[in-house]
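Biologist: I am new to this structure and would like a close look at one part of it. Please start from a single residue and then work outward.

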Amino acid sequence: MNIKLNIEKNNKYFKILKDNEVLIRGVKPKWYSQQIRFFYDNRTYEIKKKSFWSSGFQILQSGSLIGDIPFSWKNGHHIHLHQTNKKYWIKSTKKGSAWSSDKIYSLLEDGVKSIVAIHYSWKKWKPDIEIEILDNNASYELIIYALFLMRQKQQAESAGSTMMVGG
């Protein structure tokens with residue numbers, strides 16, 4: 001199965017493609033926010049912050065709350081879906097040599113079972129993202145949530161790698 005993420009127009013629009021057929025279309029409405037909106041199976045989904053001061057997010061389906069993405073200092077962000085009462089975490093592993101930026105992000109159900117693997121690398125000055133479904137129970141909405149968690153983990157890692165200059 002060949003599932004790819006195609007990012008367009010300065011990270012504003014994205015598409016999930018399976019064998020070059022568009023499955024999911026999405027948009028990041030404002031360049032400065034972390035909110036995303038995507039369309040799948042004639043429904044509108046949205047991931048947005050709970051409040052301005054909160055570090056957690058809400059998952060909405062056609063305006064109704066179906067899950068949330070809370071934050072803890074110990075474990076970072078994780079997905080909690082209310083319908084199934086399952087929790088999902090993201091784990092990153094480096095792929096290739098020490099100088100390579102290639103990584104594999106695995107979505108773990110209840111912190112144990114790997115469901116989705118996201119292969120992330122840089123090619124021709126832009127990210128190349130391929131998605132591998134490891135479990136038949138994984139839905140396409142779960143792939144979007146995993147991509148959102150991957151982006152949160154990348155932002156946390158890059159914030160932690162900055163150095164203080166001066167005194």
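Biologist: Is Asn20 buried or exposed, and what is its relative accessible area?

Modeller: The model is a predicted one. In it, Asn20 is exposed, with a relative accessible area of 74%. The residue counts as exposed because this value is over 50%. Asn20 sits in the loop that runs between E2 and E3. Its backbone has a positive phi of about 65 degrees, although Asn20 is not a glycine. Most residues other than glycine have a negative phi.

A second asparagine can be described in the same terms. Asn85 is placed in the loop between strand E10 (79–81) and strand E11 (86–94). Its phi is near 55 degrees, a positive value in a residue other than glycine. At 56% relative accessibility, Asn85 counts as exposed, since the value is over 50%.

The strands on either side of Asn20 lead to other parts of the chain. Take E3 next. Between strand E3 (21–27) and strand E4 (36–40) there is a loop that holds Gln35. Gln35 has 17% relative accessibility and counts as buried, because that figure is under 20%. Leaving out residues up to four places away in sequence, Gln35 touches Lys28, Pro29, Glu46, Ile47 and Lys48. With one of these, Glu46, there is also a polar contact of 2.3 Å between the side chains.

Glu46 has another side-chain partner. Arg37 and Glu46 meet in a salt bridge, with 3.5 Å from N to O. Glu46 counts as buried at 17% relative accessibility, whereas Arg37 is partly exposed, with a relative accessible area of 27%. The value for Arg37 lies between 20% and 50%, so the residue takes the middle class. Glu46 therefore links Gln35, through the polar contact, and Arg37, through the salt bridge, with the bound of under 20% placing Glu46 among buried residues.

Now the other side of the loop of Asn20. Strand E2 (13–18) is one of the elements that supply at least two residues each to the lining of the largest pocket. Strand E1 (3–8) and helix H1 (140–160) do so as well. The space in this pocket is about 440 Å³. It is lined by 17 residues, and the closest to its centre are Ile7, Asn11, Lys28, Ile36 and Arg151. Lys28 has already appeared above as a residue that Gln35 touches. H1 gives the largest share of the lining, seven residues. Sorted by class, the lining has 11 nonpolar, four polar and two charged residues.

E1 also takes part in a salt bridge. The side chains of Glu130 and Lys4 meet at 3.6 Å, N to O. This pair links distant parts of the chain, with Glu130 in strand E14 (residues 126–133) and Lys4 in strand E1, 126 residues apart. Both ends are partly exposed: Glu130 has a relative accessible area of 34%, and Lys4 has 26%.

Another salt bridge joins the side chains of Asp41 and Arg43, at 3.9 Å from N to O. Arg43 counts as partly exposed, at 34% relative accessibility. Salt bridges that share partners join Lys4, Lys123, Asp128 and Glu130 into one network. In the whole structure, nine salt bridges are found.

Two serines complete the walk outward. Ser55 lies in the loop between strand E5 (43–49) and strand E6 (57–61). It is partly exposed, with a relative accessible area of 37%. Apart from neighbours within four places in sequence, Ser55 is in contact with Lys49, Phe71 and His77. Its C-alpha atom is separated by 7.3 Å from that of Pro70, a residue 15 residues apart from Ser55 along the chain.

Ser106, in contrast to a loop residue, lies in strand E12 (residues 103–109). It counts as buried at 14% relative accessibility, as this is under 20%. Not counting residues up to four places away in sequence, Ser106 touches Trp89, Ile90, Lys91, Ser114 and Val116.

To return to the starting point, Asn20 is an exposed residue with a positive phi, in the loop between E2 and E3.

Key
Residues numbered from 1 in each chain as written. Predicted model: local features only at pLDDT ≥ 70, side-chain atom pairs only at ≥ 80, totals over all residues. Heavy atoms only, no water. 1 Å grid on protein atoms, 1.4 Å probe; cavity = no way out; pocket = protein on both sides within 12 Å on 5 of 7 lines; lining within 4 Å. Points joined across faces, edges and corners; volume = space filled by probe spheres on them. Helix = DSSP H or I, 4+ residues; strand = E, 2+ residues; numbered from the N terminus. Nonpolar A, V, L, I, M, F, W, Y, C, P; charged D, E, K, R; others polar. Buried < 20%, exposed > 50% of the residue type's maximum accessible area, 1.4 Å probe, protein only. Polar contact = N/O pair within 3.5 Å; in protein donor to acceptor, adjacent residues only side chain to side chain. Contact = heavy atoms within 4.5 Å. Salt bridge = Lys/Arg side-chain N within 4 Å of Asp/Glu carboxyl O.
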